[in-house]
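Let's take a walk through this one together, starting with the whole chain and then zooming in on a few spots. Keep the viewer open as you read.

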Amino acid sequence: RPTISNNEISLTHGIYGLKMGASYSEVHATLGDHSFAFDLFEDQQIIGYGRSHWLYFQADKLVKVSTQYPVLSMDTLNKIPLIDFFDDSKWKINGLVGLKTSLAEVKKSLNIQGELNAKKQLIVKDDNNTILLNFTSNKAQIDNKYTYSLSEFTIKSNSYKEPSHKAVLSKPQHFNALKLILTTLDQEE
């Protein structure tokens, strides 16, 4: 696995030195072999690095990266081998703020004026890309006030199109494909 020394996530520079729109081969050369891959939808491939980095490709171009992947269960995620760089959450938005940074510090460091939306996100855009910063909340028992801390990010190209819900495989084939993946992971291959 190549050593990754760039931990920056930004609208301009993309992720870890890879700009949005990078080819699959460029991603592989920079990040090495992925842990998990599947083609759930036509025209979109998703690869995972460790348990917490999900890269989306459309037409062989990187169009979205997220630290959250809602399709897999926790049991399935726990069967994926950890990769230190990715699963240690060393990412920094614009090289300044990372996991568990307070909402106030994120807004100050990144010079963001807006407020959290209904999904507890801050959204930062430029002409080419969008970053969604997700926050978790914690309610203090003493005064019932909420505090928010940065928990996840998604960066995507503004040209990213959510796939139509036309899956590549039928439901029975999906179950068979997932069973094969789980069997492979169980055997530590």
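**From the whole chain to single residues**

Strand 1, which covers residues 8–10, pairs with strand 2 in the antiparallel sense, and two bridges hold that pairing on the books. Bear in mind as you look around that this is a predicted model. One of the contacts between these strands is easy to pick out: Ser 10 has Gly 14, in strand 2, as its bridge partner.

Now widen the view a little. Strands 2, 1 and 7 make up an open sheet in the order 2-1-7, with mixed pairing. The edges are taken by strand 2 (14–15) and strand 7 (92–93), each of which pairs on one side only. As a general reminder, the strands of a sheet pair through backbone hydrogen bonds, in either a parallel or an antiparallel way.

Let's zoom all the way out. The chain has five helices and 10 strands. How compact is the chain for its length? Its radius of gyration is 18 Å, close to the 16 Å that the globule rule gives for 189 residues, so the chain is as compact as a globular protein of that length. If you want a box for it, the C-alpha atoms fill one of roughly 50 × 40 × 35 Å along the principal axes.

What about burial and surface? Of the 189 residues, 40% count as buried. The accessible surface comes to about 11100 Å², and carbon and sulfur atoms account for 50% of that. As for contacts with a separation of 6 or more, 53% of them join residues 24 or more positions apart.

Time to visit two residues. Go to helix 1, residues 24–31, and you'll find Ser 25 there. Is Ser 25 buried or exposed? Ser 25 counts as exposed because its relative accessibility is 52%, and the cut-off for that is over 50%. Lys 61 sits 36 residues away from Ser 25 along the chain, yet their C-alpha atoms are separated by 9.5 Å.

Gln 121 gives you the opposite case. This residue lies in strand 8, which spans residues 121–125. With a relative accessible area of 12%, Gln 121 is buried, since buried means under 20%. What does Gln 121 touch? Leaving out residues up to four places away in sequence, the list is Glu 115, Leu 116, Leu 132, Leu 133 and Asn 134. Asn 134 deserves a second look: its side chain makes a polar contact with the side chain of Gln 121, at 2.8 Å.

Terms used
Residues are numbered from 1 along each chain as its sequence is written. This is a predicted model: local features need pLDDT of at least 70, side-chain atom pairs count only at pLDDT 80 or more; totals for chains, interfaces and linings use all residues. Side-chain values use heavy atoms; hydrogens and water are left out. Helices (H or I, at least four residues) and strands (E, at least two) are DSSP runs, numbered from the N terminus. Buried means under 20% relative accessible area, exposed over 50%, partly exposed in between (1.4 Å probe, protein chains only). Two strands pair if DSSP finds at least two bridges between them. A polar contact is a pair of N or O atoms within 3.5 Å; within protein, one must be able to donate a hydrogen and the other to accept it, and residues adjacent in sequence count only if both atoms are side-chain atoms. Contact means heavy atoms within 4.5 Å. The radius of gyration is taken over C-alpha atoms; the globule rule is 2.2 Å times the number of residues to the power 0.38. Accessible areas come from the Shrake-Rupley method with a 1.4 Å probe; for residues, only the protein chains shown count as cover.
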